[in-house]
Amino acid sequence: MNILKKKLNKVNPEIILRIIKKYKSPIWIYHEKIIQKQISKLKKFDIIRFAQKACSNIHILKIMKKNGVKVDAVSLGEIERALKAGFKGNSEDIVYTSDIIEDNTLQKVILHKIPINIGSIDMIKKIGKYSPKHKVWVRINPGFGHGHHKKTNTGGKNSKHGIWNLKKAYELIKKFNLKLIGLHIHIGSGVNYIHLKKVCQAMWTQATSINHKISYISTGGGLTIPYKNYKEKVNIKDYYKIWNKSRNKISKKLDCKIKLEIEPGRYLVAESGLLVSKIESIKNVKNRTFLLLNSGFNELIRPVLYGSYHYISVLPMDNRNLDYSNMIKVIIGGPLCESGDIFTQKENNDLYSIKIPIVKVGDYIIIHDTGAYGASMSSNYNSRPLIPEILIKKNNFIQIRRRQTIQEMLSLEI
């Protein structure tokens with residue numbers, strides 16, 4: 001149990017058993033204290049803007065608002081979530097970021113005067129036609145990118161995101177009488193300090209090329225968390241220092257005060273989250289042992305999509321002591337009608353085994369660090385209903401999304 005307690009970061013396993021008893025499994029669990037702790041690490045930045053796509057539950061957004069965090073929205077649905085959570089339009093609270101803007105979304109941002117982070121030239125023309133003087137940012141594609149996986153690389157020639165020619169965009173912004181207030185660069189997930197310095201240089205080059213006074217610079221997101229190693233943590237002090245130096249340099253050149261904004265997603269919520277599933281079957285296949293759970297990639301798609309690693313531990317159903325001196329090798333899989341429904345797989349789709357104590361059917365497997373891109377990327381694949389989300393607040397817990405019923409799932413088709 002010591003390993004479990006360490007990874008759970010002081011979450012009492014007995015609380016998890018109480019949650020399971022009340023709400024059954026599989027289930028998402030978040031811990032508010034861990035989210036607050038992550039927020040506090042970024043307080044040097046003028047604005048912390050949560051990339052809510054990572055975990056968009058309204059109750060999580062309310063935690064962000066309560067702790068002074070602003071929010072990024074990338075769809076009409078995310079705008080509605082932000083408004084429901086108490087964030088306000090016509091303020092710094094919400095920025096809409098996209099490479100397109102659909103008619104119904106445009107109507108909403110005009111109604112609430114929500115600043116738009118523009119990712120394409122066509123957006124400028126559309127916004128300018130219907131909402132002159134609207135506050136806008138420009139998302140810059142600096143011509144290069146970086147990411148922990150090629151699918152999370154959001155810069156360079158293979159990326160659909162951002163604007164390559166800022167001068168052309170700026171001329172159109174002036175033509176359509178829009179108000180440029182900020183510049184934004186995000187090249188992908190993961191922090192590489194060589195790339196970071198290149199990004200800061202690109203921001204300097206772009207900002208000074210148009211010589212326009214701005215109010216904001218956004219560093220984008222992509223801050224990592226130590227999925228594998230407790231020592232693999234982002235040095236926030238160094239990260240801030242590099243960006244702050246760049247901000248001050250640009251501010252002096254443009255002769256204007258500029259707020260430095262950061263846009264984390266996973267950094268704020270990933271470590272707060274757990275996916276708790278029950279072992280339904282233990283199968284011996286030739287020389288391999290498969291543990292089959294009651295959750296699959298319809299819940300957590302990251303291992304299948306990216307080959308992402310998540311620490312996995314065991315919680316016995318009867319709270320018995322586990323024998324860590326007698327370990328077995330297992331592959332962890334789900335219930336879906338897909339051979340790829342495996343949680344222990346690499347980026348090249350090769351399976352790997354992990355060592356765990358001897359378990360039995362009915363015990364629970366906990367997949368850690370799933371607070372980001374877990375529930376928000378889940379689906380009804382194989383016609384499986386969405387599972388509950390539970391929030392631990394101090395030593396108590398509340399349900400923040402109930403389990404979807406099959407009838408609710410089918411109702412859209414009847």
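The questions and answers below walk through a predicted model, from its barrel to single residues.

Colleague: In which order do the eight strands close into a barrel?

Modeller: Strands of a sheet can pair either parallel or antiparallel, through backbone hydrogen bonds. In this predicted model the pairing around the barrel is parallel, and the twist from one strand to the next averages 30°. Going round, the eight strands follow the order 2-3-4-5-6-7-8-9.

Colleague: Which residue of strand 9 is the bridge partner of Ile48?

Modeller: Strand 2, residues 47-51, pairs with strand 9 in the parallel sense over two bridges. Strand 9, which covers residues 259-262, also pairs with strand 8 over three bridges, and there Ile217 has Leu260 as its bridge partner. For Ile48, the bridge partner in strand 9 is Ile262.

Colleague: Which residue in strand 3 stands opposite Arg49?

Modeller: Strand 2 and strand 3, the latter made of residues 70-73, run parallel and are joined by three bridges. Within that pairing, the residue of strand 3 that stands opposite Arg49 is Lys70.

Colleague: Which residues of strand 2 point the other way from Ile47, Arg49 and Ala51?

Modeller: In a regular strand the side chains alternate between the two faces of the sheet. Strand 2 is mostly covered, with five of its five residues buried, and this burial applies to residues on both sides. Ile47, Arg49 and Ala51 point one way, while the residues pointing the other way are Ile48 and Phe50.

Colleague: Which residues touch the most other members of the largest nonpolar core?

Modeller: In soluble globular proteins, nonpolar side chains tend to be buried together. The largest nonpolar core here has 98 residues, and its largest share, eight residues, comes from helix 9, residues 193-210. Apart from this core lies another of 16 residues, among them Ile15 and Phe397. In the largest core, the residues that touch the most other members are Ile60, Met64 and Val269.

Colleague: Is Tyr30 buried or exposed?

Modeller: Tyr30 is found in strand 1, residues 27-31, and among the residues it touches are Cys55, Ile60, Gly371 and Ile400. A residue counts as buried when its relative accessible area is under 20%. Because the relative accessibility of Tyr30 is 1%, Tyr30 counts as buried.

Colleague: What is the length of the polar contact that joins the side chains of Tyr30 and Glu389?

Modeller: Glu389 is one of the residues that Tyr30 touches, a group that also includes Ile390, Leu391 and Ile392. The side chains of Tyr30 and Glu389 are joined by a polar contact, and its length is 2.5 Å.

Colleague: Why are the buried residues of helix 8 said to be on the same side?

Modeller: An α-helix has 3.6 residues a turn, so residues three or four places apart point the same way. In helix 8, residues 166-175, the buried residues are Leu166, Ala169, Tyr170, Leu172 and Ile173. They lie on the same side of helix 8 because the arc that they cover around the axis is only 165°.

Colleague: Which exposed residues does the face of helix 8 turned away from its buried side carry?

Modeller: At the start of helix 8, a side-chain oxygen of Asn165 reaches to within 3.3 Å of the backbone nitrogen of Lys167, and just after the helix Asn177 takes a positive phi of about 60°. On the face turned away from the buried side, the exposed residues are Lys167 and Lys175.

Conventions: Residues are numbered from 1 along each chain as its sequence is written. This is a predicted model: local features need pLDDT of at least 70, side-chain atom pairs count only at pLDDT 80 or more; totals for chains, interfaces and linings use all residues. Side-chain values use heavy atoms; hydrogens and water are left out. Two strands pair if DSSP finds at least two bridges between them. Helices (H or I, at least four residues) and strands (E, at least two) are DSSP runs, numbered from the N terminus. Axes are lines fitted to C-alpha atoms, for helices over the stretch in contact, and angles run from 0 to 180 degrees between N-to-C directions. A nonpolar core is a set of buried Ala, Val, Leu, Ile, Met, Phe, Trp, Tyr and Cys residues joined through side-chain atoms within 4.5 Å. Buried means under 20% relative accessible area, exposed over 50%, partly exposed in between (1.4 Å probe, protein chains only). Contact means heavy atoms within 4.5 Å. A polar contact is a pair of N or O atoms within 3.5 Å; within protein, one must be able to donate a hydrogen and the other to accept it, and residues adjacent in sequence count only if both atoms are side-chain atoms. The arc is that of the directions from the helix axis to the C-beta atoms.
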